[in-house]
Amino acid sequence: MSVTTPVLPSSPGVSTRGPDQVPFSSSVCEHDPDIYEIPASALHVETGQQVMEVPTHQHRKGQLVIVLHGVVTSRVPEGLWMVPPHSGVWIPGNLPHSNHLTRGGRVCHLFIEPGALEMPSHSCTLSISPLLRELVLRLAELPQPYPEQGPTARLVGVLLEELACMPSERLHLPLPEDPRLTRISDALIKTPDDRRTLAEWASELAMSERTLARLIQRDTGLSFSRWRQQLHLVVAIRLLAEGMSVQRVSEDVGYQSVNAFISMFKKLLGTTPARYLQEREQRRSGSGMGGNSRVMTQRESGGL
């Protein structure tokens, strides 16, 4: 069952009830993040047994969607993010975006006033420390707005300092803008095990293989094979986070052998799927946040 919920209602209002007392749909409808000019506000929501779709919308404040359980898929004009638990996707203010949350999912939305903290001007995924997670959850429980001086304001100050230290993760899939290429991206996102070659796609679109390769490079910044690898990576991380075995994930993203899938995963993230899941569990439990245990940032791994 899919439920479509508008995120910015025409009649503004902010829910100040505890997060566990508010069903997903009503909490999202009641919360207008732009109504108060406070440095940060937060909202904790759960899907229950439903898959939730928040259609394309935008707001003045920047938004960090922190995934507590399940997987969030966020779409913005520049690309697609599939965000597993203990990560978050940063969406700058005034940027149109939509969110999809899997059944049984829990997320916390953190809205940040422009100028309160220097954040990236583009969307990105961030690793979320246990401290930051708990600070955001606590903020979601407190009444809003809050005084400029006081306990909540001090909590927000610590929260923003912690947020500024979070490393980025490589969970981004650039999406093409050309309608012809959108046919390819939509098909591969729906069926990631589709192994049609560039030549076969070119034939289907009635263009030369060279022209298609040039268009994909222009729109995504990646070659077709590299773009498809990145698609396999973000889909694989989502499936692994949902508890699927490495064997099954490798099959679902179209690899004929588990070793080939693990090799691709390690090439792009610098670690194996098993190690990646272990590191995420360490971050969830609050251990292993330093040294070699954190996921490589885009700068360290060479970006996309």
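Ala206 counts as exposed in this predicted model, because its relative accessibility of 70% lies over the 50% cut-off. The residue sits in the loop that runs between α5 (198–204) and α6 (209–220). Its backbone also deserves a look: phi of Ala206 is positive, at about 60 degrees, although the residue is not a glycine. Most residues other than glycine have a negative phi, and most peptide bonds are trans. Asn94 is another residue other than glycine with a positive phi, in this case near 65 degrees. Asn94 belongs to the loop between β7 (87–91) and β8 (97–101). A further backbone feature is found at Pro145, where the peptide bond coming from Gln144 is cis, with omega near 5 degrees. Pro145 is placed in the loop between α2 and α3.

To set these loops in context, the whole protein can be considered next. The protein contains 11 helices and 12 strands. It has 304 residues, of which 52% count as buried. Among the contacts between residues at least 6 apart in sequence, 70% join residues that are at least 24 apart.

Two such pairings of sequence and space can be followed by eye. The C-alpha atoms of His57 and Ser98 are separated by 6.5 Å, while the two residues are 41 residues apart along the chain. In the other pair, Arg133 and Val67, the separation is 66 residues in sequence and 9.2 Å in space, from C-alpha to C-alpha.

His57 is part of strand β3, which covers residues 51–57. With a relative accessible area of 11%, His57 is under the 20% cut-off and therefore counts as buried. A polar atom of the His57 side chain lies 2.8 Å from the backbone oxygen of Pro55.

Arg133 is found in helix α2, made up of residues 130–141. Its relative accessible area is 13%, so Arg133 is buried. The side chain of Arg133 makes a polar contact with the side chain of Glu134, at 3.4 Å. Arg133 has company in α2, where the buried residues also include Pro130, Leu132, Leu135, Val136, Leu137, Leu139 and Ala140. The helix has 12 residues and reaches 17 Å from its first C-alpha to its last, close to the 16 Å expected at 1.5 Å a residue.

Beyond the loop that holds Pro145 comes helix α3, formed by residues 151–163. Its 13 residues span 18 Å between the first and last C-alpha, close to the 18 Å expected. The buried residues of α3 are Thr152, Ala153, Leu155, Val156, Leu159, Leu160, Glu162 and Leu163. An α-helix has 3.6 residues a turn, so residues three or four places apart point the same way. The cover over the buried residues of α3 includes helix α2 together with the strands β2 (40–46), β4 (62–69), β9 (106–112) and β10 (124–127).

Another pair of helices can be traced further along the chain. Two packed helices are described by the angle between their axes and the distance between the axes. Helix α7 (residues 224–241) packs with helix α9 (residues 258–269) at an angle of about 100 degrees, and their axes are 10 Å apart. This angle makes α7 roughly perpendicular to α9. On the α7 side, the contact is made by Arg226, Gln229, Gln230, His232, Leu233, Ala236, Ile237 and Leu240. The α9 side contributes Phe261, Met264, Phe265, Leu268 and Leu269. By type, the residues of this contact divide into 9 nonpolar, 3 polar and 1 charged.

Phe261 also leads to Ser250, since the two are in contact. Ser250 is located in helix α8, which consists of residues 246–252. The relative accessible area of Ser250 is 1%, so the residue counts as buried. Leaving aside neighbours within four places in sequence, Ser250 is in contact with Tyr255, Ser257 and Val258 as well as Phe261.

Definitions and conventions:
Residues are numbered from 1 along each chain as its sequence is written. This is a predicted model: local features need pLDDT of at least 70, side-chain atom pairs count only at pLDDT 80 or more; totals for chains, interfaces and linings use all residues. Side-chain values use heavy atoms; hydrogens and water are left out. Helices (H or I, at least four residues) and strands (E, at least two) are DSSP runs, numbered from the N terminus. Buried means under 20% relative accessible area, exposed over 50%, partly exposed in between (1.4 Å probe, protein chains only). A polar contact is a pair of N or O atoms within 3.5 Å; within protein, one must be able to donate a hydrogen and the other to accept it, and residues adjacent in sequence count only if both atoms are side-chain atoms. The expected span of a helix is 1.5 Å times one less than its number of residues. Contact means heavy atoms within 4.5 Å. Axes are lines fitted to C-alpha atoms, for helices over the stretch in contact, and angles run from 0 to 180 degrees between N-to-C directions. Angles under 35 degrees count as roughly parallel, over 145 as roughly antiparallel, 65 to 115 as roughly perpendicular and the rest as oblique. Ala, Val, Leu, Ile, Met, Phe, Trp, Tyr, Cys and Pro count as nonpolar, Asp, Glu, Lys and Arg as charged, and the others, Gly among them, as polar.
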